[in-house]
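Please examine the sequence and the structure shown below. The paragraphs that follow lead through several local features in turn.

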Amino acid sequence: MNGHRLMLGEWELVALSDGFFRLDGGSMFGVIPKPLWERKKPADERNRIRLGLNSLLVKTPQALVLLESGIGDKMSPKEEDLYGLERQNSLLRALEEEGCDPEDIDFVIHSHLHLDHCGWATREADGIFKPTFPRARYVVQSREWDAATNPDLRSRASYDERDFSALERKGLLAPVDGEAEILPGIRVMHTGGHTPGHQVTYFESEGARCVFLGDLVPTQAHLKVNWHMGWDLFPLELMEVKGKVLMEAVRRRDLLFFTHEDQNPFAYVEGEGGRLHIVPVDNHPPSV
Ligand SMILES: [Zn+2]
């Protein structure tokens with residue numbers, strides 16, 4: 001997986017893996033009947049489907065930007081079994097292989113703060129959790145911060161405050177509201193839908209654009225607007241934003257990045273009138 005690397009204009013995009021995990025297939029496709037989703041994502045004997053834990057490293061001449069920080073190392077052996085965690089490698093090892101020290105990262109952008117997205121944001125040392133990327137600004141929507149630090153009954157198990165409370169304490173938290181430019185050509189946009197403060201990130205270099213989808217569209221099997229997760233807190237809001245983001249991606253020929261795809265996380269999308277299909281990246285060089 002770590003071989004997935006592309007040029008976007010003059011920027012290098014590198015997909016990094018924190019391994020794979022498994023979630024109940026029904027929960028990943030909400031109201032969609034199993035005979036339909038199973039053709040795209042076969043279930044194991046515990047009805048779970050295999051999901052990637054994909055991060056994206058963006059190398060610009062000015063900055064190193066990391067999108068999502070995997071599931072981390074805070075799970076108990078029991079949880080690792082429950083979630084079918086498979087890991088030959090970790091995000092930190094993948095970064096090291098890429099020649100990146102944690103100190104080199106300038107920005108860490110999380111789509112939201114669920115524990116399978118910000119696991120390596122902090123690490124434990126001598127019983128204290130500290131930010132893993134000590135020089136980085138950690139970008140998250142204020143609304144997501146509020147939801148994660150004061151979770152509702154349904155979301156309580158999806159957040160782990162050990163992943164993020166040190167970020168505020170150490171002054172590394174960079175909360176944003178709605179749409180915000182992080183650097184020239186890098187822009188986050190609030191989507192809501194999955195969580196109150198979920199966001200997507202757009203990267204644009206020399207006219208070529210990539211959208212980091214987070215859990216707005218977790219895998220390539222979630223392309224249909226009504227194929228969304230049972231976990232989504234605001235389904236109608238999600239469907240509306242997802243439709244807009246994907247139609248614009250068709251029109252603008254945006255490169256897409258899927259956080260939970262267990263195959264290639266990069267793809268393009270084509271189609272009309274809600275009938276969309278995936279176009280593998282090899283058929284479309286991203287540089288225009
Ligand atoms: Zn997720």
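**Strands, turns and charges**

Leucine 256 has alanine 267 of strand E15 as its bridge partner. This pair belongs to a predicted model. The strands concerned are E14, residues 255-257, and E15, residues 266-272, which pair in the antiparallel sense over 2 bridges.

Strand E15 also pairs with a further strand. It is joined by 6 bridges to strand E16, residues 275-280, and the two run antiparallel. Within this pairing, valine 269 stands opposite isoleucine 278 of E16. E15 and E16 form a hairpin with 2 residues between the strands, and glycine 273 in this hairpin takes a positive phi near 50 degrees.

Another hairpin can be found in an earlier part of the sequence. Strand E10, residues 179-183, and strand E11, residues 186-190, pair in the antiparallel sense over 4 bridges. Glutamate 179 has methionine 189 in E11 as its bridge partner. Between E10 and E11 there are 2 residues, and glycine 185 in the turn has a positive phi of about 90 degrees.

The phi angle deserves a further remark. Most residues other than glycine have a negative phi. Where, then, does a residue other than glycine have a positive phi near 70 degrees? Glutamate 68 has this value, and its place is in the loop between strand E4 (64-67) and helix H3. Is glutamate 68 buried or exposed? Glutamate 68 is buried, because its relative accessible area is 1%, and buried means under 20%.

Glutamate 206 is likewise a residue other than glycine with a positive phi, here near 50 degrees. This glutamate lies in the loop between strand E12 (199-205) and strand E13 (208-212). Its relative accessibility is 59%, so glutamate 206 counts as exposed, the cut-off for exposed being over 50%.

The last feature concerns charge on the surface. Which residues gather in a patch of negative charge there? They are Asp73, Glu79, Glu80, Glu124 and Asp126. One of them, glutamate 80, has its place in helix H3, residues 77-82. Glutamate 80 has a relative accessible area of 32% and is therefore partly exposed, since that term covers values between the cut-offs for buried, under 20%, and exposed, over 50%. Membership of a patch requires over 30% relative accessible area, and glutamate 80 has 32%.

The glutamates described here can now be set side by side: glutamate 68 is buried, glutamate 80 is partly exposed, and glutamate 206 is exposed.

Definitions and conventions
Residues numbered from 1 in each chain as written. Predicted model: local features only at pLDDT ≥ 70, side-chain atom pairs only at ≥ 80, totals over all residues. Heavy atoms only, no water. Patch = residues over 30% accessible without salt bridge, like charges linked within 9 Å, V, L, I, M, F, W, Y side chains within 5 Å. Areas by Shrake-Rupley, 256 points an atom, 1.4 Å probe, with all protein chains shown as cover. Salt bridge = Lys/Arg side-chain N within 4 Å of Asp/Glu carboxyl O. Lys, Arg positive; Asp, Glu negative; His and termini not counted. Charge placed at Lys NZ, Arg CZ, Asp CG, Glu CD. Buried < 20%, exposed > 50% of the residue type's maximum accessible area, 1.4 Å probe, protein only. Pairing = 2+ DSSP bridges.
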